[in-house]
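Q: Please take one part of this protein and look at it closely. Show me how it packs, then work outwards to what lies around it. Keep the sentences short, as I am new to this.

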Amino acid sequence: MEIRQPIVPAMKTMKQFDAFLASGYEIGVLLEVHIAQLKSIFDYARRHGKRLIIHADLVQGLSHDEHAAEYLCQEFRPHGLISTKASVIMKARQKHVLAVQRIFLLDSHALEKSYQLIAKTNPDYIEVIPGAMPHIIREVKERTGKPIYAGGLIRTPDDVKQALEAGAAAVTTSNEALWRHYDRHRDG
């Protein structure tokens, strides 16, 4: 389930979803979406050869627990689920979809609690928020042995470069300028 694109577009709006469909990216993340939109979004994505990761904690109109995760996996067959919740990550793994544990690193205590959570959930990927901390990306990757997505507060191509050089597998971002920058370079 390795992802081979430096940027994973994260979509908050239907306008961003349309930009993703027109891009060269194969995989993207659905952020804020209403459950009633999911069927048509997945239909469009599949028609365009795109795979979607759902941020399960941000689906409006749906609980954010293992039952919701099971529903999302069975009904929509996403490429993966992102969540801060252990039960969602464990359900995603059980359903054989990419499981991305999102961790918010506010301080050293949060980092240590995150390591405990990761040991419990054994995700496929870890999304480190904020991702504009190369030394922390390196540390989390070394300590967990898991591939890392860097997300949050990454604003420039240099920020992306630093995250990738620190060991991030990719950067998740809703910044369309970064999508275009890396999409253009990838194709040419």
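A: What follows is a walk from one helix out to other parts of the model. The model is predicted.

Start with helix 4, which covers residues 86–94. Its buried residues are A86, V88, I89, K91 and A92. Buried here means under 20% relative accessible area. Note that K91 is on that list.

What do these buried residues pack against? They pack against helix 3 (66–76), strand 6 (80–83), strand 7 (98–104) and helix 5 (108–121).

Take helix 5 next. Two packed helices are described by the angle between their axes and the distance between the axes. The axes of helix 4 and helix 5 come within 9 Å. They cross at roughly 30 degrees. That makes the two helices roughly parallel, because angles under 35 degrees count as roughly parallel. The crossing of helix 4 past helix 5 is right-handed.

Which residues make this contact? Helix 4 supplies A86, I89, M90 and R93. Helix 5 supplies L117, K120 and T121. Look at the numbering on each side. An α-helix has 3.6 residues a turn, so residues three or four places apart point the same way. Keep that in mind when you trace the contact in the structure. A86 and I89 also belong to the buried set of helix 4.

Now leave helix 4 at its far end. H96 follows it. This residue lies in the loop between helix 4 and strand 7. Is H96 buried or exposed? H96 counts as exposed, because its relative accessibility is 66% and the cut-off for exposed is over 50%. Its phi is near 60 degrees, a positive value in a residue other than glycine.

R77 has a positive phi too, of about 45 degrees, and is not a glycine. R77 sits in the loop between helix 3 and strand 6. Both of those elements pack against the buried residues of helix 4. At a relative accessible area of 56%, R77 is exposed. Leaving aside residues up to four places away in sequence, R77 touches R46 and L72. Its C-alpha is 9.1 Å from that of L52, a residue 25 places away in sequence.

Stay with helix 3 and look at the rings. Its range is 66–76. Y71 and F76 join F42 in one aromatic cluster. The aromatic pairs come to 3 in the count. In one of them, the ring centres of Y71 and F76 are 5.9 Å apart and the planes stand at 85 degrees, so the pair is edge-to-face. F76 is buried, at 6% relative accessibility. Y71 is partly exposed, at 34%.

F42 leads to helix 2, which covers residues 38–47. Helix 2 packs with helix 1 (residues 14–22). Their axes are 10 Å apart, at an angle of about 15 degrees. Helix 1 and helix 2 are therefore roughly parallel to each other. Helix 1 passes helix 2 in a right-handed crossing. M14, F17 and L21 of helix 1 meet I41, Y44 and A45 of helix 2.

Y44 has a second role to look at. R47 lies over the face of its ring, at 4.8 Å from the ring centre. A further charge and ring come together at K50 and F20. The charged end of K50 sits over the F20 ring, 5.2 Å from the centre.

Last, look at two prolines. I129 and P130 are joined by a cis peptide bond, with omega about -5 degrees. P130 is in the loop between strand 8 (125–129) and helix 6 (134–144). P157 is in helix 7, residues 157–165. P157 is partly exposed, at a relative accessible area of 35%. Residues up to four places away aside, P157 touches L178, H181 and Y182. P157 and V97 are 60 residues apart in sequence and 30 Å apart in space, C-alpha to C-alpha.

Key
Residues numbered from 1 in each chain as written. Predicted model: local features only at pLDDT ≥ 70, side-chain atom pairs only at ≥ 80, totals over all residues. Heavy atoms only, no water. Phe/Tyr/Trp six-rings, centres within 6.5 Å; stacked < 30°, edge-to-face > 60°. Buried < 20%, exposed > 50% of the residue type's maximum accessible area, 1.4 Å probe, protein only. Lys NZ or Arg CZ within 6 Å of the ring centre and 35° of its normal. Helix = DSSP H or I, 4+ residues; strand = E, 2+ residues; numbered from the N terminus. Contact = heavy atoms within 4.5 Å. Axes fitted to C-alpha atoms, helices over the stretch in contact; angles between N-to-C directions. Parallel < 35°, antiparallel > 145°, perpendicular 65-115°, else oblique. Left-handed = near helix turned anticlockwise from the far one by under 90°.
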